[in-house]
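Open your viewer and keep the selection box handy. This tour goes from stop to stop, telling you what to pick and what you will find there.

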Amino acid sequence: MAVCLPYRKSITFKRKYKEFIHFAEIGQWTNVSWQLILWRCHFLCTRADCFSLSRQEFDNANPSASTMDQTTQFSTAFQDPDLCRQLLRTLQSIQTSPLTFMEVCGTHTVAIFRSGLHSLLPDTIEHLSGPGCPVCVTHDSEVAAYLKLAERDNVIIATFGDLLRVPGPNGKTLKTAKAEGARVEIVYSPFDALTLAVDNPTETVVFLGIGFETTAPTVAATVKTAQARGISNLLVMSFHKLVPPALAALVADNKTSVDAFLLPGHVSTVIGLEPYRFLASEYGVPGVVTGFEPADILQALIYVARMRANGEADIVNAYTRAVASEGNPQAVAIMNEVFDHGPALWRGIGGIDGSGLIFSNDYAEFDALRALDLTIEETPPLKGCQCGDVLKGIIKPNQCRLFGTACTPAKPVGPCMVSTEGSCAAYYKYRLELS
């Protein structure tokens with residue numbers, strides 16, 4: 001069995017992916033583990049550049065400098081200035097009408113700014129950042145719920161670091177809760193939360209499950225492992241969200257005007273292309289799944305411009321080096337075994353039926369909301385924060401009245417300025433090109 005090994009140094013690889021070795025050795029779900037490793041390695045590295053190793057070589061991974069140079073060169077090819085200039089000229093030559101496109105992936109947001117594409121695109125092409133940042137779309141009511149849970153005795157909150165500084169009611173965060181005595185632990189994977197539960201058998205460990213189809217399969221795998229091992233003090237607050245229903249809500253909203261979507265590469269490695277087909281067939285809105293290098297993004301825009309020039313709408317896979325049309329059926333299967341689809345709250349959008357992941361009956365014992373009798377209460381939005389309008393593409397981040405003054409990365413008012421993938425944070429960091 002071949003395993004996808006990122007080009008990063010092997011010591012980092014082995015530290016971050018040790019849990020997947022563990023998963024693969026558990027007989028309860030060996031049949032899905034290696035496919036999940038393939039997917040997760042790509043997600044965390046944000047690139048598809050990899051080479052194959054045997055299982056034995058995987059456990060003893062120590063890629064040579066020459067191999068790492070080869071994979072780095074492969075990635076660099078998609079950043080080549082001459083190639084990008086040529087693609088940009090092609091885009092300008094075939095664009096026949098104004099184009100507003102929206103990306104729905106935080107990595108795309110950052111990539112477009114970091115590469116300078118935002119300022120290089122023709123004036124007739126408008127770029128909007130949609131609800132693609134997991135931290136940003138987490139609803140005020142969900143933030144309030146986990147902050148309230150952190151006040152309980154004998155509870156350890158396990159969370160990715162992104163959530164630590166997201167403001168809740170009265171400006172409180174998990175960081176301030178920790179300073180006041182709450183048990184809050186930063187983890188790098190759901191499996192770390194499982195280890196935390198094993199090491200603290202008298203405490204209840206609650207993992208904050210946020211994100212999209214990218215993170216949900218590994219959370220599902222962790223839950224399956226906990227059930228198989230009889231670990232009962234691990235719970236999950238499942239605030240996971242599904243991208244396609246949010247896209248449906250956006251195209252149906254007359255306040256949002258989007259001509260085309262750049263579809264998220266990470267999510268698509270899991271779900272494939274089929275869940276997006278409705279955009280073209282029902283709404284006539286084209287979409288392109290693409291990677292994160294400048295050439296990837298320009299190529300995707302060329303696909304969109306050609307479809308619009310020809311009066312066509314389709315869903316195109318321009319990221320074939322990482323995304324299969326069918327996605328990763330085994331990752332989807334494990335996600336659908338543990339979770340059912342249900343309603344979810346989205347910052348700025350509100351409730352969307354079928355856009356969330358709730359625990360199935362077979363795994364209800366791990367549902368923190370049920371086990372701890374928690375309720376998601378209506379919570380007013382953060383005062384002055386316009387993250388919701390930013391996520392829907394109604395305004396640009398620098399059009400928010402708090403942007404760069406009351407709201408900065410050092411003192412964020414809303415989550416779009418907290419996360420490194422947030423559009424407000426990207427606008428602020430690269431603000432010189434917007435002047």
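The stops below cover helix pairs, an enclosed helix, some loops and strands, and the cavities.

**Before you start**

This is a predicted model, in which local features need pLDDT of at least 70 and side-chain atom pairs count only at pLDDT 80 or more, while totals for chains, interfaces and linings use all residues. Residues are numbered from 1 along each chain as its sequence is written, and side-chain values use heavy atoms, with hydrogens and water left out.

**Stop 1: helix 6 and helix 17**

Select residues 81-94 for helix 6 and residues 294-309 for helix 17. Helices here are DSSP runs (H or I, at least four residues), as strands are (E, at least two), and both are numbered from the N terminus. The axes of this pair come within 9 Å and cross at roughly 15°. Axes are lines fitted to C-alpha atoms, for helices over the stretch in contact, and angles run from 0 to 180 degrees between N-to-C directions. Helix 6 and helix 17 are therefore roughly parallel; the classes are roughly parallel under 35 degrees, roughly antiparallel over 145, roughly perpendicular from 65 to 115, and oblique for the rest. Look along the pair and you will find that helix 6 passes helix 17 in a left-handed crossing (the near helix is turned anticlockwise from the far one by less than a right angle; clockwise would make it right-handed).

Now pick Gln86, which sits in helix 6. Its relative accessible area is 47%, so Gln86 is partly exposed. The scale runs from buried (under 20% relative accessible area) through partly exposed to exposed (over 50%), using a 1.4 Å probe and protein chains only. Draw a distance from the C-alpha of Gln86 to that of Leu298: the two are 212 residues apart along the chain, yet the separation is 9.8 Å.

**Stop 2: helix 7**

Next, select residues 106-114. How many of the 9 residues of helix 7 are buried? The count is 8, so helix 7 is largely enclosed by the rest of the structure. Colour the buried ones to see them together: Gly106, Thr107, His108, Thr109, Val110, Ala111, Ile112 and Phe113. Just after helix 7, stop at Gly116, where phi is positive at about 85°.

**Stop 3: around helix 13**

Select helix 13 (residues 216-229) together with helix 12 (residues 190-199); their axes are 8 Å apart and the packing angle is about 25°. Helix 12 and helix 13 are therefore roughly parallel, and helix 12 passes helix 13 in a right-handed crossing.

Within helix 13, highlight Ala226. Ala226 is buried, at 0% relative accessible area. From its C-alpha to that of Val198, 28 residues away along the chain, the distance is 9.6 Å.

Add helix 18 (residues 329-338) to the view: its axis and that of helix 13 are 8 Å apart, at an angle of about 60°. Helix 13 and helix 18 are therefore oblique to each other, with a left-handed crossing.

**Stop 4: loops and a strand**

- Asn154 lies in the loop between helix 10 (140-150) and strand 5 (155-159). Although not a glycine, Asn154 has a positive phi of about 60°.
- Glu185 belongs to strand 6 (residues 183-186). With 28% relative accessibility, Glu185 is partly exposed, and its C-alpha is 6.1 Å from that of Ile157, 28 residues away in sequence.
- Thr256 is in the loop between helix 14 (243-252) and strand 9 (260-263). Thr256 is buried at 9% relative accessible area; its C-alpha lies 9.5 Å from that of Asp389, 133 residues away in sequence.
- Asp373 is placed in the loop between helix 19 (368-371) and helix 20 (387-391). This residue, also with a positive phi though not a glycine, has a value of about 55°, and Asp373 is exposed at 66% relative accessibility.

**Stop 5: the cavities**

Finish inside. A search of the whole structure gives 5 cavities of 30 Å³ or more, and the largest has a volume of about 90 Å³. Of its 13 lining residues, select those closest to the centre: Gln386, Cys387, Cys400, Cys407 and Cys424. A cavity is a set of points, on a 1 Å grid over the protein atoms alone, where a 1.4 Å probe fits but cannot get out; lining residues have an atom within 4 Å of a point. Grid points are joined across faces, edges and corners, and a volume is the space filled by probe spheres set on the points.

Which classes make up the lining of the largest cavity? There are 11 nonpolar and 2 polar residues, and no charged ones (Ala, Val, Leu, Ile, Met, Phe, Trp, Tyr, Cys and Pro count as nonpolar, Asp, Glu, Lys and Arg as charged, and the others, Gly among them, as polar).

Methods. On a 1 Å grid over the protein atoms alone, a cavity is a set of points where a 1.4 Å probe fits but cannot get out, and a pocket is an open set with protein on both sides within 12 Å along at least five of seven lines; lining residues have an atom within 4 Å of a point.
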